[in-house]
Amino acid sequence: MAPMRKQHMILTLGRSGSNTLVDLLNQNPAILNYGEVLGSWTRFRQVQQKAGLWRGDDAAYVDSLLGNPKVARTANLLRSVGKLRQGRSAEIKRFGKVLSVGIKEFALNFRQSDMVGYLVDRPQIRVIALVRRNSLARMISSQMLDATGVVLVSNDRQNSRPERRQLWLDPATVLA
């Protein structure tokens, strides 16, 4: 009999270190976090929509990823194939060893998906809420992302010197 898996969610406002936290959690063989699943740019969402699954019911879609063993196992297989294609076979999870399954998602996506009460209705899901309290630092980080398109700077030699760009922030926006 498969172990009962716990469920977790990293809830973020963005630019708060959530990708780093997902990467850290996923280093543990007993924890599997799929990352973002509600945004139209994510692989999981694209597969879900292309297959026509859970149309108009995002809560059921997220519930299935977190709690349905067959769906979660399939999602892990999809994730593993992606890791293999990237040459990152060491990051593949043996699903039988996973004790906690989760996602990372933006609070805004819950609102846009009409899932505002989702977590209130599911007290079994453990929530890690991330906020970047320094609004100016969050704004600068967001503007740099918009200007450069760089989400992550790695230690790879090829990527060790990202292009330097100047950033101009509208004073009225900063003061607001």
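In the predicted model, helix α3, which spans residues 58-67, is mostly covered, with seven of its ten residues buried. These buried positions are Asp 58, Ala 59, Tyr 61, Val 62, Ser 64, Leu 65 and Leu 66. They pack against elements of both kinds, namely the strands β1, β3 and β4 and the helices α2 and α4. An α-helix has 3.6 residues a turn, so residues three or four places apart point the same way.

Ser 64 illustrates the burial of this helix. The residue is found in α3, and its relative accessibility of 10% places Ser 64 in the buried class, because the cut-off for that class is under 20%. When residues up to four places away in sequence are not counted, Ser 64 touches Trp 54, Val 71 and Ala 72. Of these contacts, Val 71 and Ala 72 belong to the range of helix α4, residues 69-85.

Helix α4 also packs against helix α2, which covers residues 43-51. Two packed helices are described by the angle between their axes and the distance between the axes. For α2 and α4 the angle is about 125 degrees and the axes lie 11 Å apart. The two helices are therefore oblique to each other, since an angle of this value falls outside the ranges for roughly perpendicular, 65 to 115 degrees, and roughly antiparallel, over 145 degrees. The crossing of α2 past α4 is right-handed. On the α2 side the contact is formed by Arg 43, Phe 44 and Val 47, and on the α4 side by Ala 75, Leu 78, Arg 79 and Gly 82. By class, four of the residues in this contact are nonpolar, one is polar and two are charged.

The strands form an open sheet of four, in the order β2-β3-β1-β4 and with parallel pairing. Strands of a sheet pair through backbone hydrogen bonds, either parallel or antiparallel. The edges are occupied by β2 (31-33) and β4 (125-130), each of which pairs on one side only. From one strand to the next the twist averages 20 degrees.

Within the sheet, strand β1 (residues 6-12) stands between β3 and β4. Seven bridges join β1 to β3 (residues 100-106), and these two strands run parallel. Two of the facing pairs are His 8 with Gly 102 and Gln 7 with Val 101. Toward the edge, β1 is joined to β4 by six bridges, again in parallel. Gln 7 is part of this pairing too, standing opposite Ile 125 in β4. Strand β1 is mostly covered, five of its seven residues being buried, and β1 is also among the elements against which the buried residues of α3 pack.

Leu 130 lies in strand β4, whose range, 125-130, ends at this residue. At a relative accessibility of 19%, Leu 130 counts as buried, because the class requires a value under 20%. Leu 130 is separated from Thr 12 by 118 residues in sequence, whereas the C-alpha atoms of the two residues are 4.8 Å apart in space. Thr 12 is also one of the residues that Leu 130 touches, residues up to four places away in sequence not being counted. The other contacts of Leu 130 are Ile 10, Leu 11, Leu 13, Ser 16, Gly 17, Ser 18 and Leu 21. Among them, Ile 10 and Leu 11 fall within the range of β1, residues 6-12.

Note on methods. Residues are numbered from 1 along each chain as its sequence is written. This is a predicted model: local features need pLDDT of at least 70, side-chain atom pairs count only at pLDDT 80 or more; totals for chains, interfaces and linings use all residues. Side-chain values use heavy atoms; hydrogens and water are left out. Axes are lines fitted to C-alpha atoms, for helices over the stretch in contact, and angles run from 0 to 180 degrees between N-to-C directions. Angles under 35 degrees count as roughly parallel, over 145 as roughly antiparallel, 65 to 115 as roughly perpendicular and the rest as oblique. A crossing is left-handed if the near helix is turned anticlockwise from the far one by less than a right angle, and right-handed if clockwise. Contact means heavy atoms within 4.5 Å. Ala, Val, Leu, Ile, Met, Phe, Trp, Tyr, Cys and Pro count as nonpolar, Asp, Glu, Lys and Arg as charged, and the others, Gly among them, as polar. Two strands pair if DSSP finds at least two bridges between them. Buried means under 20% relative accessible area, exposed over 50%, partly exposed in between (1.4 Å probe, protein chains only).
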